[in-house]
2 protein chains.
Amino acid sequence: MTETALSGFCCADHSGASSVEAILSQAEALAKARGLRLTPVRRRTLEILLDAHGALGAYDVLERLAADGFGAQPPVAYRALNFLVDHGLAHRIRRLNAFTACAHPQHDHRAAFLICETCASVTEAAADEIGPALQKAADAAGFTLDRATIEAVGQCSACQEARA
Amino acid sequence: MTETALSGFCCADHSGASSVEAILSQAEALAKARGLRLTPVRRRTLEILLDAHGALGAYDVLERLAADGFGAQPPVAYRALNFLVDHGLAHRIRRLNAFTACAHPQHDHRAAFLICETCASVTEAAADEIGPALQKAADAAGFTLDRATIEAVGQCSACQEARA
DNA sequence: GTTAACTTGTTACTGTATAACATGCAAGGT
DNA sequence: ACCTTGCATGTTATACAGTAACAAGTTAAC
Ligand SMILES: [Zn+2]
Ligand SMILES: [Zn+2]
Ligand SMILES: [Zn+2]
Ligand SMILES: [Zn+2]
């Protein structure tokens, strides 16, 4: 199994060429600005994540990359995914052992993820208010905060309505 | 919260019989109150987590269990660990693929974890302020929040001082 | 004491991620 | 242009994490 993303189920359509293209070109601009090399595998990997509804496991990504003529071994996918994550173009969802494209790569943001238990969709939410609260908790423990993973589990709005 | 917090490794000794024993007997009382069966493997698993500095992987736990004469196969460890997690006696640290004893099992708490990059210690912090902030973010997305994983990465106070 | 539910143990397997090494490519110095 | 140096991609092989399915033993309820 392991097809983590469910097509056409979760949400409002975010697969329109416009938004994928828009994010892709943002990513390209960003890479250029930072002197990063958005090579074919990496770019294609980002595209794959953008096309997917929800998050994709590394092996799902690998399958698609291999189908496109790239390498078929796990490191190929993991390297591309880690590159994207390291540079803020994608996020790793630890609860799902999966990855998702960043919805707004231009910001240096601290994101929280809302994971629907019903449809497995993953929504990236701004964590602006969460940061300070976490900071405060860290301070209380004398802990110097670097970065954080925030993953919430529940029901997305579409699935709630469907259930009603 | 009068807990003798189980804060990790580089810190003051927390392996003294007193705090381990204290938490263990809290766990026992709690199990009794809730009609749970804290069987030998489960109890020993909790002990192992309490004795450990930092979080332990399932296979580390398994090794110790096997050494104590319990089963030597993965399900033995996973079942005991999942039991403890399900009943709030331990927590799963997803970033580390590891488990840690709950520092204050008596509360129905939403915890955040502070993971030190230097010494790998894991400190359980109260997440009282984080909950509402996350709730707000979820509301904005029409998402019904169930539970959340909050894991921060940085430097614990001991390691900072050591580095200075 | 029989039944039903749960707990422990097993074997076997699936899924996730990395190590180590070879080859290829691209930028920078001479 | 040529060489060097570092980075990217690809490979094989292996390590690490987690679960399914079944058998046998326990515990609690009736
Ligand atoms: Zn993002
Ligand atoms: Zn949903
Ligand atoms: Zn806890
Ligand atoms: Zn530390």
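User: So Ala, Val, Leu, Ile, Met, Phe, Trp, Tyr, Cys and Pro count as nonpolar, Asp, Glu, Lys and Arg as charged, and the others, Gly among them, as polar. How do the residues of the surface near DNA strand D divide, then?

Analyst: Bearing in mind that this is a predicted model, the surface near DNA strand D divides into 9 nonpolar, 4 polar and 5 charged residues.

User: Which residues come nearest to strand D?

Analyst: Of the 18 residues around DNA strand D, those that come nearest are A:T39, A:Q73 and A:R79 from chain A, together with B:Y59 and B:R92 from chain B. On the DNA side, sugar and phosphate make up 56% of the atoms of strand D that come within 4 Å of the protein.

User: And what polar atoms lie by the phosphate oxygens of strand D?

Analyst: One case is B:Y78, which has a polar side-chain atom 2.8 Å from a phosphate oxygen of DNA strand D, and another is A:A72, where a polar backbone atom is 3.1 Å from a phosphate oxygen of that strand. A:R42 also has a polar side-chain atom by strand D, but there the partner is a sugar or linking oxygen, at 3.2 Å.

User: OK, switching to strand C. Which residues come nearest there?

Analyst: Around DNA strand C there are 20 residues, and A:Y59, A:R92, B:T39, B:Q73 and B:R79 come nearest. Sugar and phosphate account for 58% of the strand C atoms that come within 4 Å of the protein.

User: What does A:R92 do with its side chain?

Analyst: An N or O atom in the side chain of A:R92 is 2.7 Å from a phosphate oxygen of DNA strand C, while B:R42 places a polar side-chain atom 3.4 Å from a phosphate oxygen of the strand.

User: How are chains A and B related?

Analyst: A rotation of 179°, with 0.0 Å of shift along its axis, superposes chain A on chain B with an RMSD of 0.2 Å, so the two copies are related as by a two-fold rotation axis. In chain A, the C-alpha nearest that axis belongs to A:I150, at 2.4 Å.

User: Last topic: how do α3 and α4 of chain A pack?

Analyst: Helix α3 of chain A, residues 58–67, packs against α4(A) at an angle of about 110°, with the two axes 9 Å apart, and that angle makes the helices roughly perpendicular.

User: Which residues make that contact?

Analyst: From α3(A) they are A:A58, A:Y59, A:V61, A:L62 and A:L65, and from α4(A) they are A:P74, A:V76, A:A77, A:Y78 and A:L81. By class, the contact of α3(A) with α4(A) has 10 nonpolar residues, no polar and no charged.

Notes: Residues numbered from 1 in each chain as written. Chains lettered and ligands numbered in written order. Predicted model: local features only at pLDDT ≥ 70, side-chain atom pairs only at ≥ 80, totals over all residues. Heavy atoms only, no water. Near = heavy atom within 4 Å. Polar contact = N/O pair within 3.5 Å; in protein donor to acceptor, adjacent residues only side chain to side chain. Least-squares fit on C-alpha atoms with pLDDT ≥ 70 in both. Axes fitted to C-alpha atoms, helices over the stretch in contact; angles between N-to-C directions. Helix = DSSP H or I, 4+ residues; strand = E, 2+ residues; numbered from the N terminus. Parallel < 35°, antiparallel > 145°, perpendicular 65-115°, else oblique. Contact = heavy atoms within 4.5 Å.
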